[in-house]
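Colleague: I would like to go through the model and ask what stands behind each label. Please give the reasoning as well as the verdict.

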Amino acid sequence: MTQIVDRASWPRRELFDFFSAMSQPFYSVTFRQDVTRLYRFAKENRLSFYHSMIFLCARAVNGVEAFRYGLRGEDLVLFDQRIPSFTDLHPGAETFHIVTLPLEEDIRSFCAAARAGSAAQSTLLSGEDGPDLIYFTCLPWVEMTGLTNERHFDPDDAVPRIAWGKYADEGDRKVLHISLELNHRFVDGLHVGRFHEALDALMEAL
C-alpha cells in the first residue's frame with residue numbers, strides 16, 4: 001500500500017527543496033545495455049522481447065526505492081509498486097495505443113497478459129493515468145541514442161519515462177540503448193546506476 005512520508009524527516013528533503021527551486025528539474029540519461037541473455041530467453045520461450053523488456057525494467061525500477069517516491073496532492077508518498085504503462089501497435093497499424101496493466105510476479109504471465117490486453121484494446125488508453133505509473137515506449141526501427149518525451153510541464157511529475165530502440169549485433173552479443181527521463185527532485189545518477197545493476201542482475205538470473 002502507498003505510504004505517506006514525513007517530508008521533514010525525509011533524508012532527501014534538502015535535495016528535494018534544492019531541485020524544487022529550479023524551473024526545469026527534469027533530466028535524461030541514456031546508457032548501453034547488453035540484452036543477449038534476454039533475447040535468447042525470449043526466443044526460446046516464444047515471448048515478446050518488448051514485453052519482456054518492460055517486465056524486467058519495471059522490476060528493476062521497483063527494486064530501487066528512490067524511483068517509487070512521488071507526490072499525491074500535497075503528500076509525499078512512497079508507492080508500494082509502480083505500474084507499467086506502455087505504447088504498443090496492432091499488426092499493420094500506424095497509430096499506437098497505450099496499455100496499462102499490473103506487474104505480474106512471473107515474466108511469462110506478464111507477457112501473456114500484455115499480449116492479450118494489447119490485442120483486445122480498441123481505445124487509445126486502457127486505464128486512468130496516475131502518479132504511480134512507469135511510462136515505456138520503444139523505437140524498434142532505429143538504434144536510439146537518446147530521447148525526450150512530450151509532457152504537460154509539472155514539476156511534481158515523478159513518473160519515470162523509459163525507452164529503447166533497435167538492438168544491434170556486436171559479434172555474438174546484442175546491445176541496445178536505454179533512455180531514462182527522470183525528475184531530479186526524487187532520483188539521482190546514483191539511483192540510475194542501481195537501476196542498471198538491478199536490470200543486469202535480473203537478466204543474468206533468467
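Colleague: What makes strand 1 and strand 4 (residues 75–78) a pair?
Modeller: This is a predicted model, and the pairing is read from its bridges. Two strands pair if there are at least two bridges between them. Strand 1 and strand 4 share two bridges, in the antiparallel sense. So the pair meets the rule.

Colleague: Which residue of strand 4 stands opposite Ile 4?
Modeller: Val 77 does.

Colleague: Why are strand 1 (3–4) and strand 3 said to stand at the edges?
Modeller: The open sheet has three strands in the order 1-4-3, with antiparallel pairing. Strand 1 and strand 3 each have a single partner strand, so one side of each is left without a neighbour in the sheet.

Colleague: Now the charged pairs. What makes Arg 13 and Asp 17 a salt bridge?
Modeller: The closest N and O atoms are 3.7 Å apart. The limit is 4 Å, between a side-chain nitrogen of Lys or Arg and a carboxyl oxygen of Asp or Glu. So the pair qualifies. It is one of 10 salt bridges in the structure.

Colleague: How far apart do Arg 13 and Asp 17 lie in helix 1 (residues 13–20)?
Modeller: They are four residues apart, which means a separation of about one helical turn.

Colleague: Why are both called partly exposed?
Modeller: Buried means under 20% relative accessible area, exposed over 50%, and partly exposed is in between. Arg 13 has 36% and Asp 17 has 39%. Both values therefore fall in the middle class.

Colleague: Which parts of the chain does the salt bridge of Arg 173 and Asp 34 link?
Modeller: The closest N and O atoms of Arg 173 and Asp 34 are 3.1 Å apart. Arg 173 belongs to strand 10 (residues 173–183) and Asp 34 to strand 2 (residues 26–34). The two residues are 139 residues apart, so the pair links distant parts of the chain. Arg 173 is partly exposed at 34%, and Asp 34 is partly exposed at 31%.

Colleague: Is Glu 181 buried or exposed?
Modeller: Glu 181 is buried, with a relative accessible area of 9%. The cut-off for buried is under 20%. The salt-bridge partner Arg 151 is partly exposed at 23%. The closest N and O atoms of Arg 151 and Glu 181 are 3.5 Å apart. Arg 151 sits in the loop between strand 7 and strand 8, while Glu 181 is in strand 10, 30 residues apart.

Colleague: What makes Arg 151, Asp 157, Arg 161 and Glu 181 one network?
Modeller: Salt bridges that share partners join these four residues.

Colleague: How do you know that the count of disulfides is zero?
Modeller: The rule asks for cysteine sulfur atoms within 2.5 Å. By this rule the count comes to zero. Take Cys 57, for which the nearest cysteine sulfur, that of Cys 138, is 10 Å away. For Cys 111 the nearest is that of Cys 57, 12 Å away. Neither distance satisfies the cut-off, so neither cysteine is in a disulfide.

Colleague: Why are Cys 57 and Cys 111 called buried?
Modeller: Cys 57 has a relative accessible area of 0%, and Cys 111 has 5%. Buried means under 20%, so both qualify.

Colleague: Now the empty space. Which residues lie nearest the centre of the largest pocket?
Modeller: Asp 129, Tyr 135, Glu 150, Val 159 and Arg 161 do, out of 33 lining residues. The pocket volume is about 780 Å³. Strand 7 gives the most to the lining, with four residues. The lining divides into 15 nonpolar, 10 polar and eight charged residues.

Colleague: What about the second largest pocket: which element gives the most to the lining?
Modeller: Helix 3 does, with three residues. About 380 Å³ of space lies in this pocket. Its lining has 16 residues, including Tyr 50, Asp 88 and Cys 138. Nine are nonpolar, five polar and two charged.

Colleague: What makes a space a cavity and not a pocket?
Modeller: In a cavity a 1.4 Å probe fits but cannot get out, whereas a pocket is open. The search finds one cavity of 30 Å³ or more. Its volume is about 30 Å³. The lining includes Val 159, Glu 181 and Phe 186. Six of the lining residues are nonpolar, one is polar and one is charged.

Notes:
Residues numbered from 1 in each chain as written. Predicted model: local features only at pLDDT ≥ 70, side-chain atom pairs only at ≥ 80, totals over all residues. Heavy atoms only, no water. 1 Å grid on protein atoms, 1.4 Å probe; cavity = no way out; pocket = protein on both sides within 12 Å on 5 of 7 lines; lining within 4 Å. Points joined across faces, edges and corners; volume = space filled by probe spheres on them. Nonpolar A, V, L, I, M, F, W, Y, C, P; charged D, E, K, R; others polar. Buried < 20%, exposed > 50% of the residue type's maximum accessible area, 1.4 Å probe, protein only.
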